[in-house]
Amino acid sequence: MAGILIVAEQLDGTVQDISAELIGAAVSIKEQIGGPVQVLVIGQVPADLAKAVNLEGVDEILTIETASDHFDPLIYEEVVCQVGFGSKPSVVLIGHTASGMAYGAAIAARLGSGFASDVFGLGMDGDELIATRSAYSNKVEMELGFSGKAVVVLTLRGATFTPPKELGNGVVTAVEVDISMLVGVLSHVEYQDAPPSDIDISKADFILSVGRGIQVKDNLTRFAELADKVGATFGCSRPIVDNGWLPVQHQVGQSGNVASNCQLYFALGISGAVQHLFGMKHIDTIIAVNTDPEAPIFNVATYGTTVDLFELTDALEQLF
Ligand SMILES: Cc1cc2nc3c(=O)[nH]c(=O)nc-3n(C[C@H](O)[C@H](O)[C@H](O)COP(=O)(O)OP(=O)(O)OC[C@H]3O[C@@H](n4cnc5c(N)ncnc54)[C@H](O)[C@@H]3O)c2cc1C
């Protein structure tokens, strides 16, 4: 048993960002785990998809041709197990996404491996792999070891691990697997795009977010206008969405959107509940405005002020 097997994720023929993040995570433990880093690409024309995952640190890309690009959890499970039984990796990495969650645990059961989901930290304790995940609704973090397990299957949280910056020179190998027993078991009915929105929190580099501190819906317009004037994407905490004031595309956090590419986060009247922090605490520069000096948002803020957010907004409106 050696090496790391990564399952690349694609949607409608496009490799998803999580794939490169899985590679970044694998590279961070490659030396200690030993063996090759292999990326498994499954799709109709997998050789095309292979280019997107040929990143620094990847030794081999295993391509599996399937009849369709549409995700089928049974086919992914079967392919990963057949490849896994053959190449015998020590670690299998899958995205903690809607797709990854549909087959990750099944693979672990079939391989008899250790398993952890929604992992956001990877490290080593001597020779032992340690995975960090949260528990009790994100209130505690726990570190898991997998002693006695020859294989460990992990689903990794998105927007958490840094993808390699450079291209790699992994060898592309077409692999044959027998999935004939699964043909026709599931059929793809329709792919539905998410409702159109001009907001994409995950791609925004500057976000101005408001929370319950703005008090009433009528106040929303002035903050939306301020966001527009300063060139920020308009974000919010969950109560704003739950009240029906903004659609969920604006919501930052665990049940909303992760601000994956944000450099500057301006939080107005947001307390900093763990579920909100989930979507933004990684951001390099966080400016928090909250009249409560004990508000948890200040634990992650780069700059903070306890000034009344309306007074600050008055001043900013004069400036912009
Ligand atoms: C399963 C689950 C998933 C969740 N997912 C999310 C999620 O994705 N995103 C999310 O945001 N939440 C989420 N939540 C809700 C979360 O737990 C909090 O309830 C929510 O984040 C609180 O929003 P808030 O900070 O706007 O409101 P509050 O916690 O009420 O904070 C408002 C803040 O405004 C400050 N304030 C008030 N007036 C002023 C003023 N005039 N000037 C300056 N500051 C002022 C107050 O001091 C207070 O700290 C989730 C909860 C659960 C259980």
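User: Two strands pair if DSSP finds at least two bridges between them. With that settled, in which sense do β5 and β12 pair?

Analyst: They run parallel, and four bridges link β5 to strand β12, which covers residues 171–174. Keep in mind that this is a predicted model. One of the partnerships puts L62 against T173 of β12.

User: Which strand is joined to β5 by six bridges?

Analyst: That's β4, residues 37–43, which runs parallel to β5, residues 60–65. Two spots to click on: Q38 stands opposite E60 of β5, and V41 has T63 in β5 as its bridge partner.

User: And what does strand β1 pair with?

Analyst: With β4 again: β1 (residues 4–7) pairs with β4 in the parallel sense, over four bridges. There, L5 has Q38 of β4 as its bridge partner. Q38 also stands opposite E60 in β5.

User: How many of the residues of β4 are buried?

Analyst: Seven of its seven residues are buried. In a regular strand the side chains alternate between the two faces of the sheet. For β4, one side holds V37, V39, V41 and G43, the other Q38, L40 and I42, and both faces are covered.

User: Zooming out for a sec. How many helices and strands are in the chain?

Analyst: The protein chain has nine helices and 17 strands. Its radius of gyration is 22 Å, close to the 20 Å that the globule rule gives for 320 residues, so the chain is as compact as a globular protein of that length. If you need a box, the C-alpha trace spans about 65 × 45 × 35 Å along its principal axes.

User: What percentage of the residues count as buried?

Analyst: 41% of the 320 residues. As for contacts with a separation of 6 or more, 66% of them come from residues 24 or more positions apart.

User: OK, next topic: the open sheet of five strands. What's the order?

Analyst: It goes β14-β13-β15-β16-β17, with parallel pairing. The edges are β14 (233–236) and β17 (303–305); each has a single partner strand, so one side of each is left without a neighbour in the sheet. On average, neighbouring strands in this sheet are turned by 15° against each other, direction ignored.

User: Which helix packs on the sheet and touches β13, β14 and β15?

Analyst: Helix α5, residues 220–230. Its direction makes about 170° with that of β13. Underneath the naming, β13 (residues 206–210) pairs with β14 over four bridges in the parallel sense, and I207 has T233 in β14 as its bridge partner.

User: Now the ligand. Which residues are closest to the ligand?

Analyst: G211, G213, R238, G253 and S271 are the closest, out of 26 residues that surround the ligand. The elements giving two or more residues to that shell are α6 (238–242), α7 (274–277) and α9 (309–319).

User: How do the residues of that shell divide into nonpolar, polar and charged?

Analyst: Eight are nonpolar, 14 are polar and four are charged.

User: What is I297 in contact with, leaving aside its neighbours within four places in sequence?

Analyst: A267, I270, S271, G272, A288 and N290. S271 is also among the closest residues to the ligand. I297 itself sits in helix α8, residues 297–300.

User: Why does I297 count as buried?

Analyst: It has 26 C-beta neighbours inside 10 Å, and 20 or more is enough to be called buried. As for L277, its C-alpha is 7.7 Å from that of I297, with the two positions 20 residues apart in sequence.

User: Backbone check. What's the phi of D12?

Analyst: D12 has a positive phi of about 55° although it is not a glycine. It is in the loop between β2 (10–11) and β3 (14–15). K88 is another non-glycine with a positive phi, about 50°, and it is found in the loop between α3 (73–87) and β6 (91–95).

User: Is D12 buried or exposed?

Analyst: Exposed: it has 11 other C-beta atoms within 10 Å, and the cut-off for exposed is 12 or fewer.

User: How many C-beta neighbours does K88 have inside 10 Å?

Analyst: K88 has 15, so it counts as partly exposed.

Definitions and conventions. Residues are numbered from 1 along each chain as its sequence is written. This is a predicted model: local features need pLDDT of at least 70, side-chain atom pairs count only at pLDDT 80 or more; totals for chains, interfaces and linings use all residues. The radius of gyration is taken over C-alpha atoms; the globule rule is 2.2 Å times the number of residues to the power 0.38. Two residues are in contact if their C-beta atoms, placed from the backbone, lie within 7 Å. Axes are lines fitted to C-alpha atoms, for helices over the stretch in contact, and angles run from 0 to 180 degrees between N-to-C directions. A residue is near a molecule or strand if its C-beta atom, placed from the backbone, lies within 6 Å of it. Ala, Val, Leu, Ile, Met, Phe, Trp, Tyr, Cys and Pro count as nonpolar, Asp, Glu, Lys and Arg as charged, and the others, Gly among them, as polar.
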